Amino acid sequence: MIKLSYSYEGTVLPVKKRDLREQIFGAEENSAASLDPEQLGRFRRIAARMYHAPQLSAKEIGIPVLARIGRQISDQVGVYKNYFFVSVLRIDMVYVVLINTLIGIYDLLNNPLMGIAYDRTRTRWGKARPYAFLLPLFYFGSTTLLYCGGLFFQNNNDTTDPRKILFVFSMLFIQETFSTIFNIPNDNFLTLMSPNPKDRMSLGLWQEYSKRWSGDFISFMIVPFLDAARSGIGNISTGTVFAAFGMISLFTGTAGSMAMAAKCRERLLLQPKPAATTKTLFYILKNKYALRNFIADFVTGWWSNGGYSWDVVSQLEIFGGFVRFTPLSMGKHIASVVSLALVEPFKKMFNGSYKRTVLFMRTWDTLANSIVAILGLFPKVIGTWWKLGLIYMAGDFLNTLNDAPSSVLEGEINREISDYTEYMTGERPDGTFGLLTGLISKVTEPLKTLMAIAMIKWIGYDPNIGSNKRWTQELVRENSTMYSKIFLVWKFGNILNFFAKLVPLVMFDIEGKKKEDMYIALNERRALVAKAGEPGEMAAMVEMMAQTNA
């Protein structure tokens with residue numbers, strides 16, 4: 001590790017003895033938060049330029065956007081995972097719970113090893129780039145094979161067939177093996193590309209919008225194909241639909257990730273030798289913002305709209321399929337485009353406070369979803385698809401109108417929280433740090449599936465209806481109570497998550513001068529490390545800016 005001594009031009013500075021609380025929760029020695037200002041002050045002008053001057057080229061913005069599209073296609077198909085297992089492969093939900101439990105236990109062992117390997121990676125090509133180049137084929141390939149299962153077990157309606165159960169378990173085992181070591185580098189690639197917040201917000205905006213548009217496109221396409229398969233049109237099966245989208249994700253995900261690794265640079269120079277894993281595991285205690293989010297995620301991790309694809313059920317059964325639902329979804333797509341023009345106005349709201357602006361937008365979204373969900377409880381509304389459709393379209397338009405500002409500001413808040421770890425510790429243990437936060441979803445996955453079973457029983461729904469029974473208006477009217485519950489869960493189901501995650505956001509205070517001072521100190525220390533270490537992207541940038549300031 002590069003040692004940054006507490007001395008400045010020959011003068012040894014006193015080191016304050018720290019008590020146990022400061023050792024556990026306080027800043028690490030030689031971090032940006034604890035180094036003497038005089039030591040860092042030599043780079044203040046350079047650090048300010050690094051904070052304010054954009055670094056990314058158009059190519060370095062465009063290629064990660066393409067990579068995000070490929071990954072989102074795979075993620076969006078994964079949204080319908082339980083629907084695929086239960087309604088397409090026809091596996092009993094009890095076995096789905098068992099499989100998810102076993103995979104969760106495996107992840108408890110697999111994730112730490114993968115996270116540690118990533119954190120200790122230092123190559124001439126960078127930290128994240130080797131993984132982004134080498135692993136996408138394995139990750140997307142295993143995902144594609146999983147969704148080809150409907151082709152391997154066509155016309156097999158035995159919900160306890162051990163061959164299907166073993167196949168799903170094996171494919172999920174392979175997929176999860178590569179998932180962590182692929183996703184961690186991809187999630188952190190953006191923060192390594194530039195120290196400039198404007199760069200990150202610009203790229204984050206386009207990545208988020210490529211994610212949303214591609215996700216909406218996949219959702220938009222899956223429903224009509226499932227509708228056609230259910231109706232026997234074109235002699236296609238639901239298994240063929242999932243297999244086709246798996247193939248698309250394989251091609252786009254692999255090509256996009258490899259291109260990003262080959263063409264995008266890592267500019268943040270990291271310490272050559274990271275701290276011991278046993279130490280970095282506890283770095284979450286030094287980031288009060290991340291610790292609060294961790295607690296909120298843990299509290300709500302067992303809940304995810306009942307863990308079933310209620311959006312598919314609603315579109316196929318309440319609204320009557322693709323033809324009727326398509327016009328109703330237009331409001332959302334129009335609002336997505338309009339919201340792009342609202343990014344700057346929203347950024348200026350509440351005197352530039354990202355926190356207060358995001359709180360306002362989250363409240364806005366909750367009200368829009370709540371009103372639509374409550375109106376759907378009325379029998380005359382839920383029993384007439386076009387009445388409910390008009391209400392849904394208006395609510396979805398309002399809900400989507402703030403999507404772009406919300407994505408940009410919430411994304412930057414999350415990156416600022418991650419940067420606070422580097423500010424307090426002097427390191428970026430993204431893999432190790434993510435072990436605790438990432439394990440929440442793995443541990444609670446079986447609970448989500450159990451919740452799905454409970455929700456299905458409470459609603460009184462038969463999961464096989466969506467695969468083999470054609471829609472009629474009379475069917476919906478006869479089961480208006482059941483479909484009102486489905487619509488309520490779909491539009492209002494995440495309200496518990498909203499309130500729990502609101503608490504840490506209210507306590508977030510990295511704003512204004514405090515935020516700028518943090519980034520100036522971070523960039524000063526990065527410049528100091530770059531000058532003391534081997535030449536690299538950061539060192540070259542420091543030299544360039546030093547000459548500009550001369």
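Two residues are in contact when they have heavy atoms within 4.5 Å of each other. Keep that in mind for the exercises below, and remember that this is a predicted model.

**Exercise 1. Get your bearings**

Task: How many helices and strands does the protein have, and what share of its residues is buried?

Solution.
- Start with the elements: the protein has 28 helices and two strands.
- Next, look at burial. Of the 550 residues, 57% are buried.
- Then take the surface. The accessible area is about 24,000 Å², and carbon and sulfur atoms account for 64% of it.
- Finally, check how contacts span the chain. Taking contacts between residues at least 6 apart in sequence, 86% link residues at least 24 apart.

**Exercise 2. Place Leu-146**

Task: Is Leu-146 buried or exposed, and which residues does it touch beyond its neighbours within four places in sequence?

Solution.
- Find the helix first: Leu-146 sits in H8, which covers residues 136–147.
- Now for accessibility. Buried means under 20% relative accessible area. Leu-146 has 0%, so it counts as buried.
- List the contacts. With neighbours within four places in sequence set aside, Leu-146 touches Phe-84, Phe-85, Phe-167, Val-168, Met-171, Leu-172 and Gln-175.
- Add a distance. Ile-174 is 28 residues from Leu-146 in sequence, and their C-alpha atoms are 9.6 Å apart.

**Exercise 3. Pack H8 against H10**

Task: At what angle do H8 and H10 pack, and what kinds of residues make the contact?

Solution.
- Begin with the geometry: H8 and helix H10 (residues 162–193) meet at about 155 degrees, and their axes are 8 Å apart.
- Angles over 145 degrees count as roughly antiparallel. So H8 runs roughly antiparallel to H10.
- Handedness comes next: H8 passes H10 in a left-handed crossing.
- Who makes the contact? From H8, the residues include Phe-138, Tyr-139, Phe-140 and Leu-146, and from H10 they include Phe-167, Met-171, Ile-174 and Phe-178.
- Sort them by class: the H8–H10 contact has 13 nonpolar, five polar and no charged residues.

**Exercise 4. Pack H14 against H26**

Task: Which residues of H14 and H26 meet, and how do the two helices cross?

Solution.
- Take the angle first. Helix H14 (residues 288–300) and helix H26 (residues 495–506) pack at about 165 degrees, with axes 8 Å apart.
- The cut-off of 145 degrees applies again. H14 is therefore roughly antiparallel to H26.
- As for handedness, H14 passes H26 in a right-handed crossing.
- On the H14 side, the residues are Arg-292, Asn-293, Ala-296, Asp-297 and Thr-300, and they meet Leu-496, Asn-497, Ala-500, Lys-501 and Pro-504 of H26.
- By class, this H14–H26 contact counts four nonpolar, three polar and three charged residues.
- Zoom in on Pro-504, which belongs to H26. Its relative accessible area is 8%, so Pro-504 is buried.
- Beyond neighbours within four places in sequence, Pro-504 touches Arg-292, Asn-293 and Ala-296.
- Phe-294 lies 210 residues from Pro-504 along the chain, yet their C-alpha atoms are separated by 9.4 Å.

**Exercise 5. Two charged residues in H21**

Task: Are Arg-415 and Glu-422 buried or exposed, and what do they touch?

Solution.
- Locate them. Arg-415 is in helix H21 (residues 403–425), and Glu-422 is in H21 too.
- Check Arg-415: its relative accessible area is 12%, so Arg-415 is buried.
- Leaving out neighbours within four places in sequence, Arg-415 contacts Leu-190, Thr-191, Arg-200, Met-201, Gly-204, Val-408 and Tyr-519.
- Now Glu-422: at 8% relative accessible area, Glu-422 is buried as well.
- Not counting residues up to four places away in sequence, Glu-422 touches Glu-427, Arg-428, Leu-522 and Arg-526.

**Exercise 6. Classify Thr-252**

Task: Which accessibility class does Thr-252 belong to, and what does it contact?

Solution.
- Thr-252 lies in helix H12, residues 238–263.
- Buried needs under 20% and exposed needs over 50%, with partly exposed in between. Thr-252 has 24%, so it is partly exposed.
- Apart from neighbours within four places in sequence, Thr-252 is in contact with Gly-70 and Ile-73.
- One last distance: Thr-252 and Phe-140 are 112 residues apart in sequence, with 9.3 Å between their C-alpha atoms.

How values were computed:
Residues numbered from 1 in each chain as written. Predicted model: local features only at pLDDT ≥ 70, side-chain atom pairs only at ≥ 80, totals over all residues. Heavy atoms only, no water. Helix = DSSP H or I, 4+ residues; strand = E, 2+ residues; numbered from the N terminus. Buried < 20%, exposed > 50% of the residue type's maximum accessible area, 1.4 Å probe, protein only. Areas by Shrake-Rupley, 256 points an atom, 1.4 Å probe, with all protein chains shown as cover. Axes fitted to C-alpha atoms, helices over the stretch in contact; angles between N-to-C directions. Parallel < 35°, antiparallel > 145°, perpendicular 65-115°, else oblique. Left-handed = near helix turned anticlockwise from the far one by under 90°. Nonpolar A, V, L, I, M, F, W, Y, C, P; charged D, E, K, R; others polar.
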